[in-house]
Each structure stands twice: as structure tokens, then as C-alpha cells.
Amino acid sequence: MTSQPPVIIYRYNASPFSIKIDNVLLLKGIDAQRVNVQSYLPRPEITNLLGVGYRRIPIVAIGGDVYCDTSLIASALERRFPPAKGYGTIFPKRVDGGSADAVLVQNYAQFYADNIIFPLAPAFLPWEKFPDEFLKDRESFAGAPMNRNYLVALRPKNYSILVSHITEELLADGRDWLFNTVTPSLADVALHFPIAWAMQFPSAKDLINSDSFPRTFKWMQRLNNAFDDLRKTVKTPKISGEDAAKTIASSSREDEAVVGFDTTEANRLGLKRGDIVDIAPQDTGRKNFTTGPLICLNREEYVIETKGTSGDTFRIHLPRVGYSIRKAKGQSKL
């Protein structure tokens, strides 16, 4: 295995999507330094030191490139740390010898596990116990008022819907992993994390059990055991936000040509290279724009440059799917 560029993950322990990327890093066998941030704003380690307005967690730096959104992060980790260089993979071969259906696995993870299964899980949070400060932060994140009593009342309905999605039949042929791969894939990681996260709360602790869902119960046990074994081989030391920013700023960046600049797509969006743009998710966190000159653009991602409070510049990668972009200074959103 060749020496890897520094990898830094900005995360907090209770974040389910941080757990998702933690587990991707485990499957890949990638050592990563951790910057622990708080669960609600402000997060000066990101907003101030990196100049990034994006508020979702986690974000991951690979060398001098900073990646936002777990779908893009997972894709970047797989591409930049390939099996050919001795790393694990989130797109393993099938048991029958067939190649991985990488696009199908990615779509399952993003559009099914992340967008359909995960939104059911937050109802099980102990909303009754959270301070008002946390609730106000989540209202800003969601872009809508949040009523504790309503969220609590959702639990039985969401429990029922989650149960309806349990993939017991998919495992009926005796396969170990969802897509019948030789090792766990991104699909396993993506379905596991919202279920495991929900089950840590009392109102969902019996969601998956050996009596009602024996195959799924055993699948979760296998995956938990695999992650436990991999944790013994991967290093995840803590690092301060200040040291992380210095490491990222001083690290080499991937050649711009890897992403490139698609002028056809830019023209469709009414943009050109160097335009100062605002980029934000279209659903949660949509009021938290990251702003800077547009450096690269292809069908998968935008790349812009930001400046931290130290004066250092940073290369920020954001997905195109599910994100809005507009010219800065209040021009109409595209």
C-alpha cells in the first residue's frame, strides 16, 4: 500500500452520517484524523477556519481537497484510494464472480437508504429532553418550525413504515450481504447506519430482533462484527480545528483536470469559470451557502475556492445532484 495523503474527517459522535463515513473508512482501510465539532452551530472549525458555510456533517478533506455530502465523499474515497493500491473497496465483486454494480449500489445508497429510510429515523430522537437551543438550531437546519409533540407523535407511524422496508426477503437465499457481494458494500453501510442509529433510542430498540426479522438481525450482527474487527486495524487520532486547517492548506491538491470544467454544462447554468457563486443543498441546510469562485464543474460536482480567517485558501467539492448554485450577490438561483 502506498503512503496516503492526509485524510481528515470533521464529525461528531452522535451524527448518523458521520457513522456512515466512519464505516466507509473502515471498509476502505483508510486512516483518518478526526476533528470533533459540536452538534449544532456555530462550528468555527469549518465556518471560520475553512470559510465553508455548508453546515452538514461530516465533511472530509483528502490532502488539499475538501469534500461535502456523504455521497460525494464516498465516491471520492473510492476513487482516490483504489483497491489497486492496496485499499479495500465499497464496490466488491459479487459472490458469483460478477463485477460490482457500482452505479446501482450508489443509487440504492443515496436515493433509497439516505433519502427514504433515514428520514424516518429522527422521530426516535429524545425530543422531549433536548434544550431549546438545539431545537432552534434544527429548525434553522430544516428551514421549518419543529414541534416536539408532533415529532414524538410520529414515532408509531415511522416505526411501522420502517418495518415495512425491512429487506428480509432479499436475504432469503442465504447471502451474507445485500447485493450478494464477497464483502460488505456501500449498500450495506447505507442501510445499516440509519437502522443502527435509530435502535440506540428506547422507542426503537426492538426494531430488529431475532424473532421477527431473523435474517436481517444476523446481517446486522455480521456487519457490526466486521466493523469491530476493522476498527483494530485503522487509526483515527484526534486533531484540533486549527491544526487540521493548516494541514489541509499545506497539502497538495488533486489536479484540476481530474474534475475539469464542462463549458457546455456551465453555459446551461449561465455560469463561467471564475464566477463567484453560492452553493447549498436543496433540502436541509439550504440557507447555509458556501461562496467562492467556481473553479471546476462536471456532471457530478462543483469545485469552488474559499478563504479561511488565516488567509489560506481551500478547494471545496460539492455535489451537483440535490444542490443549488447561483451567482453570488443575490442573483436568481438556478
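Begin by selecting Tyr-87 in this predicted model, and you will be looking at a buried residue, since its relative accessible area is 7%, and anything under 20% counts as buried. Now add Phe-81 to the selection, which is also buried, with a relative accessible area of 1%. How are the rings of Phe-81 and Tyr-87 arranged as an aromatic pair? They meet edge-to-face, with 5.1 Å from centre to centre and 80° between the planes.

Next, select Glu-78, which you will find in helix 3. Is Glu-78 buried or exposed? Although Glu-78 is a charged residue, its relative accessibility is 12%, and it therefore counts as buried. If you set aside the neighbours of Glu-78 within four places in sequence, you can show the residues it contacts, which are Lys-28, Pro-83, Gly-88, Thr-89, Ile-90 and Phe-91.

From Glu-78, widen the view to the whole of helix 3, residues 70–80, and display helix 1, residues 16–28, together with it. The axes of these two helices come within 11 Å and cross at roughly 10°, and because angles under 35 degrees count as roughly parallel, helix 1 and helix 3 are described as roughly parallel to each other. To see what makes the contact, select Phe-17, Lys-20, Ile-21, Val-24, Leu-25 and Lys-28 on helix 1, and then Thr-70, Ile-73, Ala-74, Leu-77 and Glu-78 on helix 3. If you colour this contact by residue type, you should find seven nonpolar residues, one polar residue and three charged ones.

Keep Phe-17 selected and add Phe-118, for these two form another edge-to-face aromatic pair, with 4.7 Å from centre to centre and 70° between the planes. Both Phe-17 and Phe-118 are buried. Phe-17 belongs to helix 1, whereas Phe-118 lies in the loop between helix 4 (102–117) and helix 5 (132–142), so the pair ties together parts that are 101 residues apart in sequence. Then add Phe-193, Trp-197 and Phe-201, which form one aromatic cluster with Phe-17 and Phe-118. Across the structure there are 14 aromatic pairs to look for.

Finish with two places where an arginine meets a ring. Select Trp-177 and Arg-222, and you will see that Arg-222 lies over the face of Trp-177, at 5.7 Å from the ring centre. Then move to Phe-289 and Arg-326, where the charged end of Arg-326 sits over the ring of Phe-289, 4.0 Å from its centre.

Terms used. Residues are numbered from 1 along each chain as its sequence is written. This is a predicted model: local features need pLDDT of at least 70, side-chain atom pairs count only at pLDDT 80 or more; totals for chains, interfaces and linings use all residues. Side-chain values use heavy atoms; hydrogens and water are left out. Axes are lines fitted to C-alpha atoms, for helices over the stretch in contact, and angles run from 0 to 180 degrees between N-to-C directions. Helices (H or I, at least four residues) and strands (E, at least two) are DSSP runs, numbered from the N terminus. Angles under 35 degrees count as roughly parallel, over 145 as roughly antiparallel, 65 to 115 as roughly perpendicular and the rest as oblique. Contact means heavy atoms within 4.5 Å. Rings of Phe, Tyr and Trp (its six-membered ring) pair if their centres lie within 6.5 Å; planes under 30 degrees apart count as stacked, over 60 as edge-to-face and the rest as tilted. Buried means under 20% relative accessible area, exposed over 50%, partly exposed in between (1.4 Å probe, protein chains only). A charge sits over a ring if NZ of Lys or CZ of Arg is within 6 Å of the ring centre and within 35 degrees of the ring normal.
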